[in-house]
Every structure is written in structure tokens, then in C-alpha cells.
Amino acid sequence: MFRIALKGIVGRKARLILTSLAVILGTSFLAGTSVFSDTLTRTFDNLFSDVFKNVDAYVRSSQVIEADFGLEERQRISIDLVSVVENVPGVRDASPDVQAFARIIGKDGKPLGSDGQGPPTFGSIGEEFAGALWSVAEGKWATASNEVVIDEASAKAGKYVVGDTVKVVAQSGSREFTLVGIASYGDVRSPGGATFALFDSATASEFLTKPGFIDAILVSGDGSVSDTKLAAAIQAALPTTAKTETLTGAQITLETQDQIGSALDFFGILLQTFSFIALGVGCFVIYNVFSISAAQRQRENALLRAIGASRKQVTRAMLIESVAVGLVGSTIGLVAGIGLSKGLSALLKALNIDIPSGGLVVKQDTIFSTIVIGLVVTVLSAILPARRAGKVPPLAAMRATALEIAEPGRKRLYGGFLSIALGVAIISAVVAGANNSYLGFGILFVFIGTIVLGPIIARPVALFLGRPAARFRGITGVMARQNSARNPKRTSRTASPVLIGVALVTAVTALAASIKGQINDVFTEQFKGDYAVTTNNQFTGGLSPSLALDLNKLPEVDKASGIGLITVKLNNNGQYFTTIDPGTVEGVFDLGLINAKYSDLTPNSIFLAESYSLRKNLPIGSNVTITLGDATQRELTVRGLYKFDELAGNFVVNRAMIANSAVVNFDIGVYILAKNGVPDGEVQAALDKAVKKYGQGELLSKDEYIDKQSGQVNQLLGLIYGLLMLSIIIAFVGIIITLLLSVFERQRELALLRAVGMTRSQVRTTVRWESVITSLLGAVLGIILGIGLGWVIVFALKDQGLTSFKLPVVPTIVIMVMSFIVGLFAAIYPAWRATRVNILDALNTN
Amino acid sequence: MTPQTLAVAASTISASKIYGSGEDAVYALNDVSVAFYEGQFTAIMGPSGSGKSTLMHCIAGLDELTKGSAIIDGVDLSTMKDKGLTELRREKIGFVFQSFNLVPTLTANENIRLPLMLGNDKGDEAWIQNVINTVHLQDRLTHRPSELSGGQQQRVAVARALASKPRIIFADEPTGNLDSTTGAEILSFMRKAVDELGQTIVMVTHDPVAAAYADRIIFLADGKVVNEMTEPTAAKVLDLMKTLGN
């Protein structure tokens, strides 16, 4: 039997290739994404071990507030500590370190680098230091407060040569410097595409951060003691009042790698999740191919049964074939996946995200899991068809190959409805108040039920969808419609991957539309200004608080009010507090105050969101104690409550509270109300000029601003669409494979049609419309399920503030049109094959 | 009826079909010149491998000759491309095959009108009704092939071949898969189509009984025409076949 199975495989190469194709695609995505994320992780690991390669100890503040989203705010330390560290025995050299926002303005007046998105723009310290990675390629280090050194790449981009005057914008404002040197980073012109402006330590701390303060001290040892001892000695030498901690070079490297690692892990998990979805979709295709091939081999299997093969042997032969297909497919898939990850790297490069190349990382785990998963998935998908093949009665050998006539059984009907009913019941229970976590099961049951019912609904739906084709495409349309309905099991198995892909796309689209709608509503309600200045730069600070003050002074402006965000420790948890200026905020940003005035917000007061106040039992008049970023404590009295907490969060404080502290203080936006009667153009020009001085910040009109907020959802949406493409590609290939197999199966029918006068173009039309009908069948069911799924998810996110479901009408139409096009494209090759049927050969075979 | 008084519906001139080349060349047809006359029922007989099916396929535009020409309605088929040949088959030729004659997804009625529908042609409705009545299919029109018996399926095939009023109908062993009673029924329908509807039929068969329904029989052996018979009977055919060494 084994030999028969092997002969069967070798004898039908086309079938082997087609079956393997689905396995190859599924496993290549799996392998590709895991190779890609491993490579990414190692690349960043290497990058950061390079950064601290020559650093033996690292001194920084021990004062840190960790808040949501993995962000943390660490205090700065005094620059005076550098000399203390330098005198510790075992220290060869110590250098202050600052990493803050700074933007170099090019000769043409345009800022270099990008605002927020893409590689950051840094200001840092460039000094002679034993552990330094920067070296002066040309000129000298900056030694005076009016000197700067920039990285080679920036010098080239800004067309600067030593001796030029360079304008640099930092948090505190913009200033002009003399370019005294051009630096290179190791042997790279600029690390990872970031731009750097390097100053001497005094200038850096004064211009970039706060006079006298730095971020950290980098220490290079003389090798007399171990790094651990060195770090301990330094820490011991520093006064406890300085509140520092000292790490070894290895520790800081590891910490940085971990931070990047967890961000990459998230990305990796996202990639893997979607490649597993794609593989799941691929299962349908594999299952479908095996089913069709079992049906096509009915006579052959019946003959084997008739001459004495047992059921088991027939089934086993098919399973052996699936093992071969699984092994061959996943091996090719692995290789293809490695190629794919190369493509992904190239794609990132094209998107200007340049990753230092260190070769691809192909772990043994990846190789092993790809092949095992590919094999298991293939064999599992083949079990049912193989069992069915074994059940073929020996008598079938004597009959002409009957078409696979699917009379959907009662079991299927009941099973499908039961599953859907169960799913709907679970979802209803959640809607009625049960735990959200059951929602997933509800959705799963509805999906399973729909797919189980597939063969029953496929025929009527396909006939319905085929009506226009039958009506307007004459006999070819009639035949396409009949063909798509003639084998409902096959059609529904082909449409299922499309269904899953489309359902996910639709659900995500509906979710995005709802979120966007919500954002729109919230901003329209709460943002009352005419203009806003925002920044994408969230890594190295935001807008300078003085921007709002400057804008407020403009004669064209009625009011300009800055909105900031600070990290605060409350009950030992990091929290974001919104800072406002009570004097100007009224009329530009609406909190929905309840029985309070903005003027009630004195520097030692706090406003709370109404819901938070109720939840935590903190009524007006009660006190809360907070710890600021500079480790000082404040006692604040609740002076007011507000309704609109979508933007402001739970806490609002007066920005005067932190005005003279060491707390890192920046604005995330400035909201502006224009003076009545001043023409738009004038206001805009005046604002534009004032904002430009700061080198960052984007001036937007009210509508632009609101659009931009909701537009941010599009980025995430784009990423998810991209990942779902994997599933769509497999669904697409699934249609191609099924059509091809159908064409092979219908050779005689096609030959007859050709003999009685069907032209090649009519043959193509028939195949094309069958494909379109199948694709639309999946799309229609997928859209229905997807909208339901989207609604359910939006409902589940009710607690996160998502209140209204929005039906994505236009995207839904786009998805339908796309499915139509997918159907057209999938038919190209099978249709061509169908026209190549040799009439005589097909008619002569009995 | 003599050939001189009848118009030629289809013919071949020095037709050869050669597989392979040089010393290995196999002649499926070797210099065959033959004419089929309008309004006649012609049978082509011969042992397996005699080239009878090849001859039919080549005249019907399903296969290409290596040498010589096949002419239908005055047109040399070798000058035509695929599209032209397809349209020729659709408009001027009718086919009845041994088996698998019908499209399983279409009803009997749709199958009968298939060639017309493919050409976007309504056809002559009175004629089609006449054809349907002749083959007694009036009450089977909405059935699909799987719901019809073998004989009924073959009657649908005959009706389809007639529906577009072709210049000539080719039938390839049309009764090969049927029992003798049903076969006889099909043959008498074909006879009727010639006698009453004035059609031209060329039938390939190896069954002397079937061939006896024809007006004229052409005998082929080894790719050559070896004999001809008019007004045949089954007995006469059998006798002749014995002399041909079949």
C-alpha cells in the first residue's frame, strides 16, 4: 500500500504541487515572520550592546515614575556629580550624558530629520571621553557655549561645512551656533538614521535640559577592578541625597535590550498571530484540495477496494500522501519564508527604517516548528477526506465517475444551527452583562456554525449571486452560475477562506470606523478652539510651554492655552495628569465642569473626573497626596469634578504647580482661539511664524486637527490590513487551486462545449464568472459575519469608552468590489488552462 | 439517387493524417478523397484503427489534417483559425457522441439550444419544436441529464445536433453505449431527420445493424477507403466485412 501511495504521489505531480502550494504559503508566512522578528531582535541587541560597549558603569537618578504604555519618567541628576565620579579609584574617565530633543535646521531653513515619525532627532554631549562612540571626523569638539558639532549624515543633508552657522531648535527655544566639527559614530555616519547635535556638557545641560542637570554619567574604568566593584564604589562615593543608582555596563545594556525586546516581542506576537490565522485559512485550502482529489480518485480507490484493499489501506495511502505533501510543502515553505523575511527587511528599508544588517537569524526552533506545524496541519486536514476515500464502495469502480453530489445532511443542518445558536446565546449573555472574556467563544461558535452550514447555504446564495451573470452574460453566465452551485460543498470550502479573511477585514474596519467616529465626536465636543498646534514627537518631549505664552501674546489671537501631560505617582502607581492653564483654557478646551469654575483650580488644587471621584470616593473637598517626578510631594484638594474624561483622563491640575520645579514639563498641544474679526489668513500667518521659531509643532486648523486625531487610527488599520493580506493571499490561491482542479475534472465537459461551438473566450468567461461568484459568496457571508463581529467587539470595548457602533458603508462596498476583482484575477490561469483542453483527447477517454 | 444529382455537403481531397515522421510515420489517413452528399445518411465503417474516427474528426474541424484538405460548405478548413473553426462547428455542424453528450448542469431544453445560445442566436423556433416533437422530448425538457435515461440523453443529443439546422451532422458511434432497442430508436430518429427534415448525417460505426440504417456506407481500412456500398442491409454489410477480413 505504501508503494501504491508513493506511486500515486509521483504519478500526479500537478496535484502534488497544487496541494503543496497551500502548505507552502501557510508555512512560509510562519517561518518568514519568525525569522524576521528574530533577526530584528538580534539586530537591536547588537546595536545596544555597541552603544554601551566601552561603558563600564552608568550612573543615573533612582527617582523614576513608571506609567502606562511602558513609559517611564526618570529624574535628572546634577552635573556636579561628574567630578565626584571622576575621583573614585578605578575610574579612568567619566562623561556626562544627555539625550534630549534637538532639531538641526538646514541651510534652506527646513528642519532636518522628521517630526516624530521615523528616526528621532537628538541633542547630546560630545566631549573627549575614553568610552565614547562618537569621534570627531573633521574639526574639533565643541568647547564653548556658541559651538556645536553635528553628525556626518546631517552635515551632508544640511549642506554644512565646518565654520558655518547652524541653527538648532531645542525645548527651550532656538539658537545659532558655529559648527566647529563633524562627528561620526563608530564607523557609521549616523546611528540608525537619527540626527545629532553635540555640545559641550555645560551648553547641553543649559540648552537641552535644565541648567546644571544631566541625564546620566557614563564611566570608563581603568581595568583595576571588576565592573561590579567599580559600580559599587561609585555608588558609595555619591551622596545619598543625590538619589542615584549605578549600573554596570552589562546591566544597562541588558536593560535597554529588554526594553526594546519587549516592544519587539509585541510586534513579533502580532506577526505570529496573523501568520497563524493565515495558516488556519490555509487548512481550508488543504482540506479542500484533498477532498477534491479524493472525489476525483473515487474510481481508482474503488478499484483498489474491489481487488482486495481494505478500507484502512485506502485511507492510509491517502494519509501517507498527506505526510509527503506536508513534508515537501513545509520544507519549501521554510526556504520561501527565509526569502520572505529578506523581503520584509527590504520593505522596511524602503520605508526608511534602516536596520543595520547582521544577517538573517534562522533559529533551530524556527526550522523545527515550521516543519512540524506544517506536517501536523496537513495531515489533520487530510484525515476527513482520507476516511471518506476509504468508505468508497468497491462498486463505484463499475460506475461512471459520478459528480460529487452533495446532499447536505440533516446532521450538518442541526450541527450548524446548534453552533450558531450557542454562539449567539453566549454573545447575548455577554451583552446582558456576563464577563467579556466569553465573547471569544461566542464568536468562535458563530464562525464554526456558519462554516458548517456553508454547503447548505452555498447553493442558494451562489445561485442568487449568479443571477446578474446569468442574465447579462447569456449561456456562459448561466453555466458559470450553475457550475458555482453544482458542488455546494466544494464551493463553500473554497469560499470559506475568503469568508474568514473578509470577516476579519470587515470587523477591523468597522471597529476602526467606530473608533474614528468616537474620536471625532469627542474632539468636536471638547475642542473649542479655531487652531491647534500639536507634535508627533513623543519620545523626547513635546512642545515647549513657552510656545503657548508666545502665541497668547499675538494680536491676532484671542486666547492660546497649552495642555500638558505629567507623570505623577499616586498611591504608588504612575498616573498621567493633565496640566492646564486655568487663565486661558476656558473657551478652547471644554472639560464639562460640574458646579465649578476654571479659576477654582489653584496650584494646590485638583479636578477629578466625575466617574473617578465616585469610584474612589473622593468628593469635592477631599485631599490627595501625590509624588511629582522630582520626588517632591504635594497635597492637593479636590476643587471640582468634570464630565469629559476621554481626553483629559481622570486628573487635571494647574500647570503653575510645576512651574518652578525640576519636573519635566512640556505641552502635548496648544489650543488657540482667534480674535473675532481677524481674517483667517492673517491669523494663520501669524501663528505659523511663531510656531516655526520652535522648530517643532504643527499648526492645524480645527478640522485638520480633528481629522488628524482620527487619522491616527488609519496607521494601525493599515498595519492590520497588511497582516490580513496573508490570509487573503491564501484564500486567493485557494480559489485558483479549486478552479484548476475543477477544470481538470470537467475536461470532457469542456471538450464537449468546445466541440459544439463554444469559443475560447466563452470558456474563459464561464470560468471567470464562476470564480467571481465563489469569491462574492465568501465576501457576502464574510461581510455579514464581520459586521456582526465588529459590533460585538465595539460592544465589548464599551468600558474603554467606545460608545457607538458605526457601520463602515463605503469600506464595505470597497471590500465587495475587491472580492469581485480577486475573483477575476484568480480565474486568469484556470481559465487559460480551460481553453487549452484538447477536445479529442478529452472526448476519447472514457 | 446518384452522386451526380446531389450537392456535396462536405468532402476531403487527398486527406492524410500522419503521426510521427520518417520511418516511424504512422498513417491514420492515407490520401483519402471522399464526398458526403446533402440529404444523405452516410455511414463510415471499418475495424478499429482504420481511421474512421480520425476522418470524421478532421472533416468536422476537431482535428487537423497533415496533408490535403477537408471542405465543408465550400470552405477549406485548413485555412481557418480556432475561432473560425469554433463558429463553423457551432453554425454548420451538429455532433452526436457515443457518451457524455450533454452538459450536466443544463436542462434538456438548454442542452438542445446550447449551440444556438453560444452564438447568441434564437434559432428557428418552429423548427426546434418540430425537432423536439420528432424525438419525443416534449415532456422531458426541464429535466437535467442526470434525471434522464441513456436513450433519452442520446435523443437530447440528436435534438441538439439538429436544432441549429446544420449543414451536416456527425455522429460518432451514437448507439455504442445503448442497448439494441434504444439504439434502434435513436437510429430511426436519425433516419427520420434525413427523410423528413432533409438533414445530412455522417455516422461512424462498427455495428452492421446501425450501418444498415444509412443510404451509403464507406469502408475504411488502414487509413484508406477500401469499399463503398449503397442501399445496405445488415446482411450485405456483414458479408462485405468478412471479405475485408474483419
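In this predicted model, the crossing of helices α5(B) and α6(B) is right-handed. Helix α5 of chain B covers residues 150–163 and helix α6 of chain B residues 180–195; the two pack at an angle of about 15°, with their axes 10 Å apart. This angle makes α5(B) roughly parallel to α6(B), since it falls under the 35 degrees that set the limit for that description. On the α5(B) side, the residues in contact are B:Gly150, B:Gly151, B:Gln154, B:Arg155, B:Val158 and B:Leu162, and they meet B:Thr182, B:Glu185, B:Ile186, B:Phe189, B:Met190 and B:Ala193 of α6(B). Sorted by class, this contact holds six nonpolar, four polar and two charged residues.

A little before α6 in chain B comes a backbone detail worth a look. B:Glu173 sits in the loop between β7 (168–172) and α6 of chain B, and its phi is near 45°, a positive value in a residue other than glycine. Most residues other than glycine have a negative phi. As for its surroundings, B:Glu173 is partly exposed, with 19 other C-beta atoms within 10 Å.

Chain B also touches chain A, in a contact that takes 24 residues from chain B and 22 residues from chain A. On the chain B side, α2 (82–92) and α3 (108–118) each supply at least two residues. The largest share of that side, six residues, comes from α2(B). The side of chain B that touches chain A is made up, by class, of 11 nonpolar, seven polar and six charged residues.

Turning to chain A as a whole, its secondary structure comes to 25 helices and 25 strands. The C-alpha atoms of chain A fill a box of roughly 95 × 65 × 50 Å along the principal axes, and 48% of its 846 residues count as buried. Among chain A contacts between residues at least 6 apart in sequence, 83% join residues at least 24 apart.

Within chain A, helix α6 (residues 227–237) offers a clear example of burial, with A:Leu230, A:Ala231 and A:Ile234 buried. Viewed down the axis of α6(A), these buried residues fall within an arc of 95°, so they line one face of the helix. Their packing partners are β1 (57–61), α3 (81–86), β14 (216–221) and β15 (244–248) of chain A.

A second helix pair is found further along chain A. Helix α14 (residues 474–486) and helix α22 (residues 760–796) of chain A pack at an angle of about 45°, with their axes 8 Å apart. The two helices are therefore oblique to each other, and α14(A) passes α22(A) in a right-handed crossing. Here A:Thr476, A:Gly477, A:Met479, A:Ala480, A:Arg481, A:Asn483 and A:Ser484 of α14(A) meet A:Gln762, A:Thr765, A:Thr766, A:Trp769, A:Glu770, A:Ile773 and A:Thr774 of α22(A). The residues of this contact divide into four nonpolar, eight polar and two charged.

Chain A likewise has a residue with a positive phi. A:Asn617 has a phi of about 55° although it is not a glycine. A:Asn617 lies in the loop between α17 (610–615) and β21 (623–627) of chain A, and is exposed, with 7 other C-beta atoms within 10 Å.

Notes: Residues numbered from 1 in each chain as written. Chains lettered and ligands numbered in written order. Predicted model: local features only at pLDDT ≥ 70, side-chain atom pairs only at ≥ 80, totals over all residues. Helix = DSSP H or I, 4+ residues; strand = E, 2+ residues; numbered from the N terminus. Buried ≥ 20, exposed ≤ 12 C-beta atoms within 10 Å, placed from the backbone. Contact = placed C-beta atoms within 7 Å. Axes fitted to C-alpha atoms, helices over the stretch in contact; angles between N-to-C directions. Parallel < 35°, antiparallel > 145°, perpendicular 65-115°, else oblique. Left-handed = near helix turned anticlockwise from the far one by under 90°. Nonpolar A, V, L, I, M, F, W, Y, C, P; charged D, E, K, R; others polar. Arc of directions from axis to C-beta.
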